[in-house]
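Here are some notes for a colleague who is coming to this structure without having worked on it before. Please read them with the model open beside the text.

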Amino acid sequence: MIGERLPSYGPPPASAGRRLLARALARPSLPAVVALVVVVVFFGVQAPGLRSDVGLAGVLDVAAPLGIGAVAVALLLVAGQFDLSAGAVALASSLLTAVLVGPAGWPAWPALLVSLLAALLVGVVNGVLVVNTGLPSFLVTLATFLVLQGVSLAGFQSVSGSTQIGGLDDAPGWPSAAAVFGSSAVIGDARFHVAVVWWLVATALATWALWRTKFGNAVFAGGGARRAARELGVPVRRTTVALFCLTATAGWLIGTLGLFRVEGVQLGNASLGTAIDFVVVAVIGGCLLTGGYGSAIGAAVAALLYAVARQGITLAGWDPRWFQTLLGALLLVALVANGVVRRRLKARPRS
Amino acid sequence: MSTPERTDDGAAIELRAVTVRHGNVPALSRVSAALRPGEITCVLGENGSGKSTLVSVLSGLRRHDEGELLVDGTPVRFRSARQARALGIATVWQDLAVAPLLSVWRNFFLGAEPTRGVWPLRRLDVDGARRTTARAMARVGVTGLDPDQPASALQAGERQSLAVARALHFGARALVIDEPATPMTVARQTLFGQAILAARAQGLAVVVVTNNPRYAHVIGDRFLLLAHGHVAGNLTREDIDADELTALMAGGESLTTLTDALTALHPELGER
């Protein structure tokens, strides 16, 4: 046996209180939770409309699609990668589904399947390019964003001959698909959309995958210690491609939820802002831009924070442009808080 | 080409004229060696002589360009470190391969996590992993460790122990130790030595890459000297004493001189 004659190297005993504090500080979602409480209290006073059922439904309407994207982007950030194309995937997949169902006359489900496959293709292209070229994923996905936006906007107009398609609800299979992606429930005196359920499911699944599966370990290691991961045989490349497919799927889900919401599409630019919003929300939720650290729950909480602030500013009657200022300030605070956390975590005591 | 006329049927891992190139520059050229179970092979050489490349090839991180790598007599071409680990080849990397932000038990099982359940619900066996980690760490003398604390909270020496404990746990056929570049206390050096001897006692083929010839002579059964990617000498304990080994290591020039002298003494060395 080894080590019977060796001195032991156990850590110095820490008091229970300090350990609890350390654990709490180590939670990536802590700054987002604190900020959420502050913002809810502040706007609860400033904008009383926020405290009603209608106010809550409005907040969740904003938070749900944003949260779905942010949770997927958070996983990608933990793996040390970046995706700017998720917003464009959302737009492109809803346009593709609409073209297939409207002018082409396909039933709803096959059209959805094809647009999902197209989204996955974008994810695979992103992932394979990043993994094989070693280029920064920021630039690769910026390029795919531009290509995708151009193709989907120009292609949509030339195929459909107009800038919008409506009246999709006559298509076969539409009602059953609408039950999955477009239903809503009246609770109290407000209407809650099914997107909220998708958001919660996505958050729960992502959290479980991150902390309780081999995949999650590979995500953390691939972002925080890529060399160590490679040396230990963690499939970093495969995991990265899978994560790009995941953000593309999230984009598809956001686009599909929007499509069934209004039962039609209208041509509009998927601004780069949507994708930036996902990243901003994931970072406020505690993800390090350098990878290796973050949480899906944090991203979901930050999406809620984003929505409360935006709806609060509107309901308080302020100029909505103040929202960007507030978001920027939150981002700065989150970045500083994350930096402190990271220094604490990465500090290497010497023996 | 003249094949070495040794009977290496008993070798756990055998290299036959293995060449590895970084671009056009050969990092290893026509390296042959047999790593036998229950034997400690020390790899010695200057910086840049190909020691780390040899470790990469044995551990599956780097695929060899020419020659053959045989594991239990079967030729293999590793595509990732996972395949080498699956064959029971465990490595203590020079940088220790510890992810600072992951907890100790996640680090311990990284890349080879124990799971339970069937596929869509297949999940980490967290409790089992924690228990195994605590036991394995206690085995290398680190007791009272919280397996849930991040690896960055470990002392430098504890990180070395973690890497050794992991390799001992997963090594079934061979243990490859690339000595850490970070300075080690005497207690840690002792730990490494004990780990190496324990692995030999269990019948593993052990490869130790070290810069310290005296230490190598204390533990090694066989010494593989590398210079500029070539095998400059493949000696047993009987061939050489500690002083000669130190002199060999002292500089490239004396290494070459002594290699020539050894080749004159052992003509079969020149054939490789």
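**Notes on a sheet, its helices and two domains**

1. In this predicted model, chain B holds an open sheet of 6 strands, arranged in the order 6-9-10-3-11-12 and with mixed pairing. Its edge strands are strand 6 (89-92) and strand 12 (230-236) of chain B, each of which pairs on one side only. From one strand to the next, the twist averages 15°.

2. Within that sheet, strand 3 (residues 39-45) and strand 11 (residues 222-227) of chain B pair in the parallel sense, and 5 bridges join them. For a reader who wants a point of reference in this pairing, B:Thr41 stands opposite B:Arg222, which belongs to strand 11 of chain B.

3. Two helices of chain B may be considered together with the sheet. Helix 1 (residues 51-59) of chain B lies across strand 3, strand 6, strand 9 (174-178), strand 10 (205-209) and strand 11 of chain B, and runs at about 150° to strand 9 of chain B. Helix 5 (residues 156-170) of chain B also packs on the sheet, where it touches strand 6 and strand 9 of chain B, and its direction makes about 175° with that of strand 6 of chain B.

4. The domain assignment divides chain B into domain 1, made up of 37-60 + 79-98 + 154-271, and domain 2, which covers 100-153. To the contact between them, domain 1 of chain B gives 15 residues and domain 2 of chain B gives 14 residues. On the side of domain 1 of chain B that touches domain 2 of chain B, the elements giving two or more residues are helix 2 (81-86), helix 5 and helix 6 (186-201) of chain B. The largest share of that side, 9 residues, comes from helix 5 of chain B. By type, the residues on this side of domain 1 of chain B divide into 8 nonpolar, 2 polar and 5 charged.

5. In chain A, the axes of helix 12 (residues 272-284) and helix 13 (residues 296-315) come within 7 Å and cross at roughly 115°, which means that helix 12 of chain A is roughly perpendicular to helix 13 of chain A. The crossing of helix 12 and helix 13 of chain A is right-handed.

6. Which residues meet where helix 12 of chain A packs against helix 13 of chain A? From helix 12 of chain A come A:Val281, A:Ala282 and A:Ile284, and they meet A:Ala299, A:Ala302, A:Ala303, A:Leu305 and A:Tyr306 in helix 13 of chain A. The residues of this contact divide into 8 nonpolar, no polar and no charged.

Definitions and conventions
Residues are numbered from 1 along each chain as its sequence is written. Chains are lettered from A and ligands numbered from 1 in the order in which they are written. This is a predicted model: local features need pLDDT of at least 70, side-chain atom pairs count only at pLDDT 80 or more; totals for chains, interfaces and linings use all residues. Axes are lines fitted to C-alpha atoms, for helices over the stretch in contact, and angles run from 0 to 180 degrees between N-to-C directions. Helices (H or I, at least four residues) and strands (E, at least two) are DSSP runs, numbered from the N terminus. Angles under 35 degrees count as roughly parallel, over 145 as roughly antiparallel, 65 to 115 as roughly perpendicular and the rest as oblique. A crossing is left-handed if the near helix is turned anticlockwise from the far one by less than a right angle, and right-handed if clockwise. Two residues are in contact if their C-beta atoms, placed from the backbone, lie within 7 Å. Ala, Val, Leu, Ile, Met, Phe, Trp, Tyr, Cys and Pro count as nonpolar, Asp, Glu, Lys and Arg as charged, and the others, Gly among them, as polar. Two strands pair if DSSP finds at least two bridges between them. Domain bounds come from an automatic or database domain assignment.
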